[in-house]
Amino acid sequence: MTTISLATGQRSLADPDISYPLWPPLTHGCPRTSSDTMSYPLEIDYDYTRVTSDFITGQGRPRSGLDRWAPLLPPLAAPGLGEGGTPLIEIGDGVYVKDESRNPTWSHKDRLNRCTVSAAVAVGAPGVVVASSGNHGASAAAYAARAGLRCVVLGSSEVPPAVASFLSAYGAVVLPVETAHRWPLTERIAEEFGFHPVSNLTQFHTGHAFGPEGYKTVAYEIAADLGEPGAVFVPTGYGELLFGIWKGFAELHRLGLVSRVPRLFSCEPAAGGPLAAALRQGLPATRVEVADTEAYGIACPVNSYRGVRAITGSEGRALTVDDEAMHRARAELAGQGLWVELSSAAGLAGLRTLPDDEAVEGPVVCVTTSSGFKDTHVGDHHLTPVDPSWDQVRARLRAAGIRG
């Protein structure tokens with residue numbers, strides 16, 4: 001049984017005939033196809049001929065964590081934290097929730113950072129630098145700490161309380177700066193201190209080539225636990241998770257381990273929606289103005305070409321959902337015992353607002369990406385003491401609809 005990485009190199013998403021060695025990781029996208037006006041990402045290629053037929057069942061490999069899927073991941077040089085293996089929970093009518101809040105830092109970003117921090121370890125970097133005001137920064141800090149590396153986070157002074165607590169606990173150096181300064185400072189820190197950048201450095205978000213490979217494991221786990229869903233609804237910002245899920249299913253189909261690739265539905269805030277705009281206009285990427293939205297985690301002004309590839313490759317569709325729909329979806333999830341960040345509810349919101357004439361084969365999976373603790377207003381609810389007399393307690397319970 002193969003337990004080592006079968007990665008062979010980096011490949012351009014713009015032109016599959018253009019490839020590069022696996023090392024060093026290229027952190028500015030494809031240098032041959034990108035330009036001043038368009039940035040194309042890279043993906044990792046593998047020796048698929050060496051993947052065994054029991055890849056999904058994984059006999060002889062670890063049963064948890066990303067190590068289970070090591071053959072189709074970049075080399076996992078950094079130690080893990082038990083990321084992955086998140087539950088798939090049925091909420092009725094053939095709808096399942098893939099709950100990514102169960103990861104070590106309560107978000108899907110742990111799958112990505114196991115891979116990106118592994119790249120930093122493999123190239124001998126003394127630390128990582130990341131531009132993030134949310135889940136990505138908290139996760140990068142955790143995996144850097146686990147690997148014995150320093151971590152610098154360039155973010156906002158208004159990070160959610162839970163994220164700030166994570167960053168403090170892991171000993172990250174946090175530099176709150178305005179958005180326009182984050183990417184230039186990321187590059188300068190990488191150049192002067194030798195830190196490995198694990199977030200985006202380009203105009204149309206190419207990110208780190210190793211990162212989205214970690215998200216493929218969401219698809220592998222869905223296939224292992226459920227089989228072949230008809231559709232997967234994914235909260236979408238820059239589209240790395242969306243792309244990873246699509247690529248994971250596309251690989252399984254290529255290997256003959258599933259009979260189809262499910263339709264992928266990207267679910268962006270209606271306040272922006274650059275991927276939906278790019279697809280409408282027939283563009284690889286575009287820029288939009290972003291209006292006010294509480295879904296801060298996925299409110300992006302630009303899309304990545306990765307999202308276009310995922311939607312077109314799966315014959316899927318780009319959806320936009322407003323804050324009201326996300327609040328309804330979050331309340332529905334809470335009614336099932338699942339408390340998620342508002343951005344995380346975008347997937348279920350997309351399913352629930354899908355037009356009646358849009359046929360979706362079941363079963364359906366909605367991905368939730370992070371915990372409700374990650375929202376910006378956590379801690380705003382204060383409880384008022386209640387008179388403990390039985391008359392007052394009974395009155396409160398009856399007012400809440402509880403009857404004896």
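The expected span of a helix is taken as 1.5 Å times one less than its number of residues. In this predicted model, helix 4 covers residues 179-193, and its 15 residues should therefore span 21 Å, a value with which the distance of 21 Å between its end C-alpha atoms agrees. The buried residues of this helix are Arg 182, Thr 186, Ile 189 and Ala 190, and they pack against strand 6 (127-131), strand 7 (150-155) and strand 9 (196-197). Helix 4 is followed by Gly 194, whose phi is positive, near 75°.

Backbone geometry was then examined in the loops. Most residues other than glycine have a negative phi, and most peptide bonds are trans. A positive phi of about 70° is nevertheless found at Trp 106, which is not a glycine and which lies in the loop between strand 5 (95-99) and helix 1 (109-122). His 205, also a residue other than glycine, has a positive phi near 50°, and its place is the loop between strand 9 and helix 5 (211-225). With a relative accessible area of 31%, Trp 106 is partly exposed, whereas His 205, at 5% relative accessibility, counts as buried, since the cut-off for burial is under 20%.

Cis peptide bonds occur at two prolines, Pro 24 and Pro 363. The bond joining Trp 23 and Pro 24 has an omega of about -5°, and Pro 24 is situated in the loop between strand 2 (19-20) and strand 3 (42-46). For the bond joining Gly 362 and Pro 363, omega is about -10°, with Pro 363 placed in the loop that runs between helix 10 (346-352) and strand 13 (364-368).

Key. Residues numbered from 1 in each chain as written. Predicted model: local features only at pLDDT ≥ 70, side-chain atom pairs only at ≥ 80, totals over all residues. Heavy atoms only, no water. Helix = DSSP H or I, 4+ residues; strand = E, 2+ residues; numbered from the N terminus. Buried < 20%, exposed > 50% of the residue type's maximum accessible area, 1.4 Å probe, protein only. Contact = heavy atoms within 4.5 Å.
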